[in-house]
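Okay, thanks everyone for coming. I've got one model to walk you through today, so let me put it up on the screen.

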Amino acid sequence: MTLNYCGLRRAVTSHTREAVLADFPEIRLIEDAALRALTVEAWSYALCCSDFERITDMPAEGNPGSPVLKRGTQADHLRGVVRLALRLADEFRSAWDDVVIDQDVLIAAAVCHDVGKPYEFDVKNRARWASDPSASGQPAFRHSVFGMHVCLTVGLPEEVAHVAVGHSMEGQFMGLSTECVLVRQADHCWWQIAGAVGLTVPGTLGPNHGLTRPRALRSAP
Ligand SMILES: [Fe+2]
């Protein structure tokens with residue numbers, strides 16, 4: 001059997017880090033400089049473990065093939081989830097002054113929730129898994145699990161790595177932190193609404209969106 005190793009395919013450079021920040025400006029909302037730098041490192045490391053050069057090169061999909069956005073890139077989803085998670089937190093904090101949400105953990109976790117996607121979406125990885133799923137599975141790890149690995153590898157705290165693995169299906173089997181619930185709801189909500197307003201490719205929403213009856217987008221004038 002040919003063994004496959006999932007580490008870096010190229011070195012992380014300052015160019016990689018600059019591209020991450022350019023594609024994902026919401027990272028700058030993280031106040032703690034060390035935490036902010038680690039989120040940049042996580043995305044840089046994840047990209048360099050794949051053939052994707054930058055976040056905007058990645059397709060705008062929840063999982064490979066489902067759901068799929070009609071236009072845009074993965075950055076549109078990631079940035080939207082950060083903004084939506086912040087709005088959810090603001091709603092509860094503004095209405096209830098004793099609600100406690102860690103703002104930096106929330107932003108860092110939202111930034112990194114899909115950091116495993118370069119691995120799961122990588123063309124070579126997908127072709128290898130498809131050629132023989134009996135060898136290491138298909139996928140070997142979903143993006144949530146590989147994302148947790150990326151977070152811990154670059155030194156992000158448990159609070160952020162927990163959200164990477166807990167935001168998706170794996171979260172059904174865990175006790176979830178407050179910030180994880182916020183990111184998980186923002187993520188799932190983002191795809192639900194994207195589908196309802198007609199931003200997703202018909203037929204790609206999957207069984208979790210069975211009640212959705214998408215509206216057509218406004219036609220070009
Ligand atoms: Fe997501």
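Let me start with a question: what covers the buried residues of α10? Keep in mind that this is a predicted model. The cover includes β1 (61–63) and β2 (66–68), along with α3, α4 and α9.

So who's being covered? The buried residues of α10 are Glu179, Cys180, Leu182, Val183, Arg184, Ala186, Asp187, Trp190, Trp191, Ala194 and Gly195. You'll spot Glu179, Arg184 and Asp187 in there, together with Trp190 and Trp191. On spacing, remember that an α-helix has 3.6 residues a turn, so residues three or four places apart point the same way.

I also checked the length of α10. With 19 residues at 1.5 Å each, α10 should span 27 Å, and the C-alpha atoms at its ends are 27 Å apart, so the two agree. Just after α10 comes glycine 198, which takes a positive phi of about 90°.

Now the core. The largest nonpolar core has 54 residues, and the members touching the most others are Ala42, Ala109, Ala110, Cys112, Cys151 and Val160. Eight helices give two or more residues each: α1 (14–23), α2 (33–48), α3 (74–95), α4 (103–112), α5 (117–121), α8 (143–154), α9 (158–166) and α10 (178–196). Which element gives the most to this core? That's α4, with eight residues.

Take alanine 109 as one of those well-connected members. Setting aside neighbours within four places in sequence, alanine 109 is in contact with Val160, Val163, Glu179, Cys180 and Val183. Of those partners, Glu179, Cys180 and Val183 are also on the list of buried residues of α10.

Zooming out, the chain has ten helices and two strands. From the N terminus, the order is α-α-β-β-α-α-α-α-α-α-α-α. The radius of gyration is 17 Å, close to the 17 Å from the globule rule for 221 residues, so the chain is as compact as a globular protein of that length. The C-alpha trace spans about 60 × 45 × 40 Å along its principal axes, and 41% of the residues count as buried. Among contacts with a separation of 6 or more, 65% are between residues 24 or more positions apart.

Last thing: cis peptides. Where are they? One runs from serine 66 to proline 67, with omega near -15°, and proline 67 sits in strand β2. Another goes from glutamine 138 to proline 139, omega near 0°; proline 139 is in the loop between α7 (133–136) and α8.

Methods: Residues numbered from 1 in each chain as written. Predicted model: local features only at pLDDT ≥ 70, side-chain atom pairs only at ≥ 80, totals over all residues. Core = buried A, V, L, I, M, F, W, Y, C linked by C-beta atoms within 7 Å. Buried ≥ 20, exposed ≤ 12 C-beta atoms within 10 Å, placed from the backbone. Helix = DSSP H or I, 4+ residues; strand = E, 2+ residues; numbered from the N terminus. Contact = placed C-beta atoms within 7 Å. Expected span 1.5 Å × (residues − 1). Rg over C-alpha atoms; globule rule 2.2 N^0.38 Å.
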